[in-house]
Amino acid sequence: MNIAIEVKNVGKTFILHNQQSAKIPVLGGINLSVNYGECVVLDGHSGSGKSTLLRSLFANYQPDEGEIIIHHQGMQTELISASPRAIIELRRTTIGWVSQFLRVIPRVSAIDIVMQPLLEIGADMQVARDKAANLLTQLNVPERLWSLAPSTFSGGEQQRVNIARGFIVDYPILLLDEPTASLDSKNAEVVINLINQAKARGAAIIGIFHDTQTRDQVATRLFSMQKSAH
Ligand SMILES: Nc1ncnc2c1ncn2[C@@H]1O[C@H](COP(=O)(O)OP(=O)(O)OP(=O)(O)O)[C@@H](O)[C@H]1O
Ligand SMILES: [Mg+2]
């Protein structure tokens with residue numbers, strides 16, 4: 001099998017400097033390998049560190065122990081020690097991220113928000129626009145909203161814009177933090193299909209899904225946080 005991500009002995013303790021330097025050990029001794037073509041779902045109770053691990057895989061959080069090795073196109077990058085420049089490049093070309101919430105940029109239209117990651121890897125404007133329109137249509141975002149900034153959209157509409165943006169580039173690695181959390185079942189179904197299509201084209205996917213029904217439809221394997229957390 002073709003390895004995508006190796007997490008070796010990763011640990012993370014938060015220190016709250018404004019609260020008597022209280023220490024919160026969240027991750028300890030995490031070991032996980034994910035291959036291309038797999039969808040691994042992080043499993044564990046609320047507060048077990050699922051989002052912390054996922055954010056660490058996007059270099060949003062920096063673990064204080066261990067290694068995270070990203071394998072792509074014959075190259076290996078260790079994420080915890082990677083330079084900001086290397087991280088930006090990995091996020092542009094290799095690792096996609098869909099969180100539960102859209103970071104709304106004032107005055108930028110929904111379709112421009114969706115197109116942006118594809119334009120950043122050099123796609124033609126019309127190709128990017130067509131792909132964005134296709135995803136927004138699949139996700140049932142009404143066309144009258146496409147040219148509007150999503151700040152006034154409903155939570156579910158914002159999330160669908162966010163998902164379209166996350167899936168517009170065929171990222172080799174996709175990180176999904178509860179992408180279906182505020183969607184109705186019809187739209188959740190669309191997202192499940194997008195995830196399974198990404199898996200079929202060989203993407204390595206790591207996700208968090210509270211809903212067991214959704215989880216069972218996408219997961220090739222579960223990874224239990226309990227085993228390894230302190
Ligand atoms: N930036 C941070 N600063 C301090 N503590 C944090 C930070 N982020 C997370 N934590 C702590 O780490 C622990 C794990 O949080 P995390 O968000 O990873 O859990 P989770 O498994 O994703 O939970 P949920 O299922 O509720 O989303 C929590 O106790 C949380 O308070
Ligand atoms: Mg979480």
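A note to share as you look through this model: buried means under 20% relative accessible area, exposed over 50%, and partly exposed in between, with a 1.4 Å probe and protein chains only.

1. **Ground rules.** This is a predicted model, in which local features need pLDDT of at least 70 and side-chain atom pairs count only at pLDDT 80 or more, while totals for chains, interfaces and linings use all residues. Residues are numbered from 1 along each chain as its sequence is written, chains are lettered from A and ligands numbered from 1 in the order in which they are written, and side-chain values use heavy atoms, with hydrogens and water left out.

2. **Domains.** The protein chain splits into domain 1 (1–94 + 172–230) and domain 2 (99–170), with bounds that come from an automatic or database domain assignment. Their C-alpha centres, those of domain 1 and domain 2, are 23 Å apart. Across the boundary, 19 residues of domain 1 are in contact with 17 residues of domain 2, contact being heavy atoms within 4.5 Å.

3. **The largest core.** A nonpolar core here is a set of buried Ala, Val, Leu, Ile, Met, Phe, Trp, Tyr and Cys residues joined through side-chain atoms within 4.5 Å. The largest one has 40 residues, and Phe-167 and Ile-195 have the most contacts inside it. Two or more residues each come from β3, α3 (110–120), α4, α5, β7 (173–177) and α6 (185–200); helices (H or I, at least four residues) and strands (E, at least two) are DSSP runs, numbered from the N terminus. Domain 1 and domain 2 each give at least three residues to this core.

4. **Phe-167 and a second core.** What does Phe-167 touch, leaving aside its neighbours within four places in sequence? Its contacts are Val-98, Lys-131, Leu-135, Leu-174, Leu-176, Leu-194, Ile-195 and Ala-198. Apart from the core of Phe-167 lies another, of 29 residues, with Ala-4, Leu-27, Tyr-36 and Ile-80 among them.

5. **Salt bridges, beginning with Glu-6.** Over the whole structure, the search finds six salt bridges, each a side-chain nitrogen of Lys or Arg within 4 Å of a carboxyl oxygen of Asp or Glu. In one of them, Glu-6 and Lys-8 meet through their side chains at 3.9 Å, N to O. Glu-6 is buried at a relative accessible area of 17%, whereas Lys-8 is partly exposed at 35% relative accessibility.

6. **Two long-range pairs.** Glu-38 forms a salt bridge with Arg-221, with 2.8 Å between the closest N and O atoms. This pair links distant parts of the chain, 183 residues apart: Glu-38 is in the loop between β2 (22–35) and β3 (39–43), and Arg-221 is in strand β9 (residues 221–224). Glu-38 is buried at 12% relative accessibility, while Arg-221 is partly exposed at 30%. Asp-43 and Arg-215 also meet in a salt bridge, at 3.1 Å, N to O. Here too the partners are in distant parts of the chain, 172 residues apart, with Asp-43 in strand β3 and Arg-215 in helix α7 (residues 212–218). Asp-43 is partly exposed at 26% relative accessibility, and Arg-215 is buried at 15%.

7. **A network.** Lys-131, Asp-170 and Arg-201 are linked in a network of salt bridges. Lys-131 will be familiar as one of the contacts of Phe-167.

8. **Ligand 1.** Of the 14 residues around ligand 1, those that come nearest are Ser-46, Gly-47, Lys-50, Ser-51 and Thr-52; a residue is near if one of its heavy atoms lies within 4 Å. An N or O atom in the side chain of Ser-46 is 2.6 Å from an oxygen atom of ligand 1, and a backbone N or O atom of Ser-48 is 3.3 Å from an oxygen atom of ligand 1. On the nitrogen side, an N or O atom in the side chain of Tyr-61 lies 3.1 Å from a nitrogen atom of ligand 1.

9. **Helix α1 and what follows.** Is α1 mostly covered or mostly open? Six of its eight residues are buried, namely Lys-50, Thr-52, Leu-53, Leu-54, Ser-56 and Leu-57. Lys-50 and Thr-52 also appear among the residues nearest ligand 1. After α1 comes Ala-59, with a positive phi near 60°, in the loop between α1 (50–57) and β4 (65–72).

10. **Another positive phi.** Asn-140, a residue other than glycine, has a positive phi near 60°. Asn-140 sits in the loop between α4 (125–138) and α5 (155–167) and is partly exposed, at a relative accessible area of 31%.

Definitions and conventions
Polar contact = N/O pair within 3.5 Å; in protein donor to acceptor, adjacent residues only side chain to side chain.
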